[in-house]
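Reader: I'm happier at the bench than in a structure viewer. Could you walk me through how to read what's on the screen?

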Amino acid sequence: MRGFLVITAMLATLLLPACQPIGPMPGGELSGPVAPAPADWTAADAVEVVQLETRPESPYSVNIWGVGIGPAYYIAAGDGETTWTANIAADANVRLKVGDVIHELRAVKVTDAAELDVVRAAYGRKYEMSDDQREQSGSATVFRLEPR
């Protein structure tokens, strides 16, 4: 029985990269129906955790927080460069899975201070961040996801 458990664990470890992300563990290519980006992302803002796929040639996906603000959807990386932000730097084409639907998008780094303020405030409201957490988010790298 123990040998069976070891083999099962090994197979799961080998197969995980080919699957959807699970919790904090990254995955591979996202699956599901593909649809055009909505004109208004406000309804998508009700979804707490979305899935982001980067690196189209060898898909890498993560679970991530995001906010929908009218015609734009935003994601952020708070702790400097991550694997997915490095992937975006190399190729800005991404796929975003909200619920069961995938949207093919392009990530654009946000640098405008006024836009960043709006996004930080939206994150604070949605994820019930304290004032300290919102202040710390000032160094986050923020991306606006746009239709390709």
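Reader: Let's start with N93. Is N93 buried, partly exposed or exposed?

Author: Buried is under 20% relative accessible area, exposed is over 50%, and partly exposed is in between. In this predicted model, N93 has a relative accessible area of 23%, so N93 counts as partly exposed.

Reader: Okay, and which element does N93 lie in?

Author: N93 lies in strand β4. For that strand, look at the whole run of residues: five of the six residues of β4 (residues 93–98) are buried, so the strand is largely enclosed by the rest of the structure.

Reader: Which residues is N93 in contact with, leaving aside neighbours within four places in sequence?

Author: That's a good way to see what comes together in the fold. N93 is in contact with P56, L105, R106 and R148. You can also check C-alpha separations: N93 and E146 are 53 residues apart along the chain, and their C-alpha atoms are separated by 9.6 Å.

Reader: R106 is on that contact list. Where does R106 stand relative to N93?

Author: Here you want the strand pairing. R106 is in β5 and stands opposite N93. Strands β4 and β5 (residues 101–109) run antiparallel and are joined by six bridges. They form a hairpin with two residues between them, and G99 in the turn has a positive phi of about 65°.

Reader: What about β4 and β1, how many bridges pair them?

Author: Three bridges, again in the antiparallel sense, with β1 covering residues 49–54. To find your place there, look for K97 in β4, which stands opposite Q51.

Reader: How do I put these pairs together into one picture?

Author: Follow the pairing from strand to strand and see where you end up. Here six strands close into a barrel in the order β1-β2-β3-β6-β5-β4, with antiparallel pairing. Neighbouring strands of this sheet are turned by 45° against each other on average, ignoring direction. As for one more link in that chain, β1 and β2 pair in the antiparallel sense over six bridges.

Reader: And the side chains, where do they point?

Author: As a rule of thumb, side chains in a regular strand alternate between the two faces of the sheet.

Reader: Now charges. How many salt bridges does a search of the whole structure find?

Author: Six. Take R95 and E53, whose side chains meet in a salt bridge at 3.1 Å, N to O. This pair links distant parts of the chain, with R95 in strand β4 and E53 in strand β1, 42 residues apart.

Reader: Are R95 and E53 buried or exposed?

Author: Both are buried. E53 has a relative accessible area of 6%, so E53 falls under the 20% cut-off. The pair also belongs to a network of salt bridges linking E53, R95 and E104.

Reader: What else does E53 touch, beyond residues up to four places away in sequence?

Author: Quite a list: G28, E29, L30, P59, Y60, S61, V94 and R95. Two of those deserve a second look. S61 is the bridge partner of E53 in β2, and the backbone nitrogen of L30 lies 2.7 Å from a polar atom of the E53 side chain.

Reader: Which salt bridge sits within one helix?

Author: R120 and D117 fit that description: both lie in helix α3 (residues 113–126), three residues apart, about one turn of the helix. Their side chains meet at 3.9 Å, N to O. R120 counts as buried at 18% relative accessibility. The helix itself lies across β2, β3 and β6, running at about 100° to β2.

Reader: And E146, which you mentioned with N93?

Author: Its side chain meets that of R144 in a salt bridge at 2.7 Å, N to O. R144 is buried, with a relative accessible area of 18%, while E146 is partly exposed at 28%.

Reader: Last one: which residues of helix α2 are buried?

Author: In α2 (residues 83–90) they are W84, T85, N87 and I88. Seen down the helix axis, these buried residues fall within an arc of 155°, so they line one face of α2. The face turned away carries the exposed residues A89 and A90. As for the cover over the buried residues, it includes β1, β2, β3, β4, β5 and β6.

Conventions: Residues are numbered from 1 along each chain as its sequence is written. This is a predicted model: local features need pLDDT of at least 70, side-chain atom pairs count only at pLDDT 80 or more; totals for chains, interfaces and linings use all residues. Side-chain values use heavy atoms; hydrogens and water are left out. Buried means under 20% relative accessible area, exposed over 50%, partly exposed in between (1.4 Å probe, protein chains only). Helices (H or I, at least four residues) and strands (E, at least two) are DSSP runs, numbered from the N terminus. Two strands pair if DSSP finds at least two bridges between them. Contact means heavy atoms within 4.5 Å. The arc is that of the directions from the helix axis to the C-beta atoms. A salt bridge is a side-chain nitrogen of Lys or Arg within 4 Å of a carboxyl oxygen of Asp or Glu. Axes are lines fitted to C-alpha atoms, for helices over the stretch in contact, and angles run from 0 to 180 degrees between N-to-C directions. A polar contact is a pair of N or O atoms within 3.5 Å; within protein, one must be able to donate a hydrogen and the other to accept it, and residues adjacent in sequence count only if both atoms are side-chain atoms.
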